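This briefing goes through a structure with attention to its pockets, its cysteines, one residue of interest and the overall fold. Please read it alongside the sequence and the coordinates.

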Amino acid sequence: MKSYKDVADRFADECISGEHIVGKEIVAACERYKKDLQREDIELRTHDPDLVIGIMQSTLVHAQGEDLEGQPLLGKPFLLQPWQIFVVYNLLGFYYTGTNNRRYKEAFIMVARKNGKSSFVAALAWAVSILQR
């Protein structure tokens, strides 16, 4: 199974360094992610986020939309963007050390219209339901 941890780490680093122009809330989330990696009471387990990302990218296709060049996405694989991989890693990767309790159990995902938020959240909910079957 492919690991997407490097993508999540790189996204966090680029947001913190200013390479990506993002709001202060995103920078704070990226800084929290990096600090969580250093904490002893929390551990990052990559199996669940990697499995969910793999399910999303290998089994789902776009139902509508266009890419940045204006080409239709209909029927093309649902490949996640780095910010989406970062969200999945944050939600599903962190556990309290020595337990099976996830650090995060819910999320408030706020993204501007027409950026694929509904498709992403629906795909995430479906893949997590398979994970926790």
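In this predicted model, helices α4 and α5 each contribute at least two residues to the lining of the second largest pocket, and α5 provides the largest share of that lining, with three residues. The pocket itself holds about 230 Å³ of space, whereas the largest pocket holds about 1,800 Å³. The points below take up the two pockets in turn, and then the cysteines, residue D9 and the fold.

**Second largest pocket**

- The lining of the second largest pocket is made up of L91, L92, R102, Y104, K105, E106, A107, I109, V121, L124, V128 and Q132.
- Sorted by class, the residues of this lining comprise eight nonpolar, one polar and three charged.

**Largest pocket**

- The space in the largest pocket comes to about 1,800 Å³, and of the 46 residues that line it, those closest to its centre are W83, Q84, I109, V111 and N115.
- I109, which is among the residues closest to the centre of the largest pocket, is also one of the residues that line the second largest pocket.
- Three helices, namely α2 (24-38), α4 (82-93) and α5 (117-131), each supply at least two residues of the lining of the largest pocket.
- Among the contributors to this lining, α4 gives the most, with seven residues, while in the second largest pocket the largest share comes from α5.
- By class, the lining of the largest pocket divides into 26 nonpolar, 12 polar and eight charged residues.

**Cysteines**

- How many disulfides does the structure hold? The number is zero.
- Why do C15 and C30 not form a bond? The sulfur of C15 has its closest cysteine sulfur in C30, at 4.0 Å, and this is too far for a bond, because a disulfide needs the two sulfur atoms to lie within 2.5 Å.
- The relation holds from the other side as well, since the closest cysteine sulfur to that of C30 is the one in C15, again at 4.0 Å and too far for a bond.
- C15 has a relative accessibility of 2% and therefore counts as buried, the cut-off for buried being under 20%.
- C30 is likewise buried, with a relative accessible area of 0%.

**Residue D9**

- D9 lies in helix α1, which covers residues 5-17.
- Is D9 buried or exposed? With a relative accessible area of 12%, D9 is buried.
- When neighbours within four places in sequence are left aside, the residues in contact with D9 are Y33, K34 and L37.

**Fold and overall dimensions**

- The protein contains five helices and two strands, and along the sequence these elements follow the pattern α-α-β-α-α-β-α.
- The radius of gyration of the protein is 15 Å, close to the 14 Å that the globule rule gives for 133 residues, so the protein is as compact as a globular protein of that length.
- Taken along the principal axes, the box filled by the C-alpha atoms is roughly 45 × 40 × 25 Å.
- Of the 133 residues in the protein, 34% are buried.
- If one considers the contacts between residues at least 6 apart in sequence, 63% of them join residues at least 24 apart.

Key
Residues numbered from 1 in each chain as written. Predicted model: local features only at pLDDT ≥ 70, side-chain atom pairs only at ≥ 80, totals over all residues. Heavy atoms only, no water. Helix = DSSP H or I, 4+ residues; strand = E, 2+ residues; numbered from the N terminus. Buried < 20%, exposed > 50% of the residue type's maximum accessible area, 1.4 Å probe, protein only. Contact = heavy atoms within 4.5 Å. 1 Å grid on protein atoms, 1.4 Å probe; cavity = no way out; pocket = protein on both sides within 12 Å on 5 of 7 lines; lining within 4 Å. Points joined across faces, edges and corners; volume = space filled by probe spheres on them. Nonpolar A, V, L, I, M, F, W, Y, C, P; charged D, E, K, R; others polar. Rg over C-alpha atoms; globule rule 2.2 N^0.38 Å.
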